[in-house]
Structures are given as structure tokens and as C-alpha cells.
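Reader: Got a minute to walk me through this one? I'd like to get a feel for the fold before I go back to the bench.

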Amino acid sequence: MQRKTETLTYKADMSKQEAFRIFKAVGIPIGIFALSIFTVQNFAAFGTKLLCPLISAMWVVGFIVALLMPAQRQEVLNQTMGMIAIYCGALIGLKILLGVVSGASSEMIAASYDQAIPMSTGNAIPGYLQTMMWFVAVLMPIGDISMQAKRLKDFKHNQALNKTFGRVRSVRNSGHENTRSIR
């Protein structure tokens, strides 16, 4: 008779808290990635030629900074995902608003406010929204990338300062270097 020698282990079911943490760690980045893809496809050529590279740059810079700064990894990743979600949401919101406003003529706006409105106002509002969309499309990623680059630069600068102060402190502890004593 052969005897099976397997190690018995106790395996507990996953708790709700663990399942929520796993969902948060995996689901939220996938959801933001899906929102990014939806935004890029929703904007057609504008999305593929401008938005896709800028969103990709935000992801890559956030990943690199998180990799190089382990102490602030969670904060960097949360800020990166938050900025990308706000960026995509703002662009989609502006596109919807532009679609709503572009159909309104000066006469419609004047009838709504019961006030005389210049004829150029009907054309000016979509122009303002298009300009705002351009500012959001370009300046938000540049701002996020600049913020992460500054954070990395400050971290490296502070790291160099800490090394220098550490060297100076070891010399001053007893008035002379720790490795040799003067008698």
C-alpha cells in the first residue's frame, strides 16, 4: 500500500475587504484605461493624433516616477489615475457641451433670456468652448507631467542633501571622525 504524503494546508476564503482591495487595485486602473480608450475613440483623429500620445505620456511618466520613488508610489499612482480620469471627463464634458451649444442661434439665446443679444454671440460661445477644449487637451497633460518631473527632481535633490548631511553628521558626532580617535 502506497501512502500519499501531501502537505495539508488551511486555506481561508477571501474576505469582503480583501476582495474590495483587489477590485480597487485592478478595477480602477482598468476602468480609467477604458475611459481613456473611449475618449480617444470618441474624438476620432483629434483623439488618435493628440489625446492618445498625451494620455500615454501621463501614464508612462506616472509609472516611471512611481518606480523611482517607492516611498510615494501610492500617492503618485493615485494622482496619475485621478488626473487622467479628470482629463478624459473634462474633454468628454466639453464635447457634449459644445454639441449642445453649437445648435443654439443668437435668436434662441435672445428668446431664452428675453433680452437683445448680438448676432455674433451665437458663434462666439462654441468658439469659446473649442478654445477651452484646446487648453484642456494640451495644458492638463503638460501640467501633470511637469508636476511629476518636479516631484522627481525635488526627490533626487533631497536625497543628495540627505547623503551630504549624513556625511557631515558622522564627522561631527564626537568632534572628530568615527573611524579613528585622536588621543
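Reader: Among contacts between residues at least 6 apart in sequence, what percentage join residues at least 24 apart?
Author: That's 70% in this chain. Keep in mind that this is a predicted model.

Reader: OK, and what's the secondary structure?
Author: The chain has 5 helices and 0 strands, so to speak α-α-α-α-α when you read along the sequence.

Reader: How many of the residues count as buried?
Author: Of the 183 residues, 22% do.

Reader: Which residues touch the most other members in the largest nonpolar core?
Author: Leu-51, Ile-55, Ile-84, Tyr-87, Leu-91, Met-133 and Val-136, out of 20 residues in that core. Helices α1 (16-42), α2, α3 (73-102) and α5 (121-172) each supply at least two residues, and α3 gives the most, with 8 residues.

Reader: What is Leu-91 in contact with, leaving aside neighbours within four places in sequence?
Author: Thr-39, Phe-43, Leu-51, Met-133, Val-136 and Ala-137. Apart from that core lies another one, of 5 residues, including Val-65, Ala-66, Val-76 and Leu-152.

Reader: Switching to the outside: which residues make the nonpolar surface patch?
Author: Val-60, Phe-63, Ile-64, Leu-67 and Leu-68 make a patch of about 460 Å².

Reader: Take Leu-67. Is that one buried or exposed?
Author: Leu-67 counts as exposed because its relative accessible area is 52%, and exposed means over 50%. Leu-67 sits in helix α2 (residues 44-68).

Reader: And how much does the chain expose overall?
Author: About 13,600 Å², with carbon and sulfur atoms supplying 64% of it.

Terms used
Residues numbered from 1 in each chain as written. Predicted model: local features only at pLDDT ≥ 70, side-chain atom pairs only at ≥ 80, totals over all residues. Heavy atoms only, no water. Patch = residues over 30% accessible without salt bridge, like charges linked within 9 Å, V, L, I, M, F, W, Y side chains within 5 Å. Areas by Shrake-Rupley, 256 points an atom, 1.4 Å probe, with all protein chains shown as cover. Salt bridge = Lys/Arg side-chain N within 4 Å of Asp/Glu carboxyl O. Helix = DSSP H or I, 4+ residues; strand = E, 2+ residues; numbered from the N terminus. Buried < 20%, exposed > 50% of the residue type's maximum accessible area, 1.4 Å probe, protein only. Core = buried A, V, L, I, M, F, W, Y, C linked by side-chain atoms within 4.5 Å. Contact = heavy atoms within 4.5 Å.
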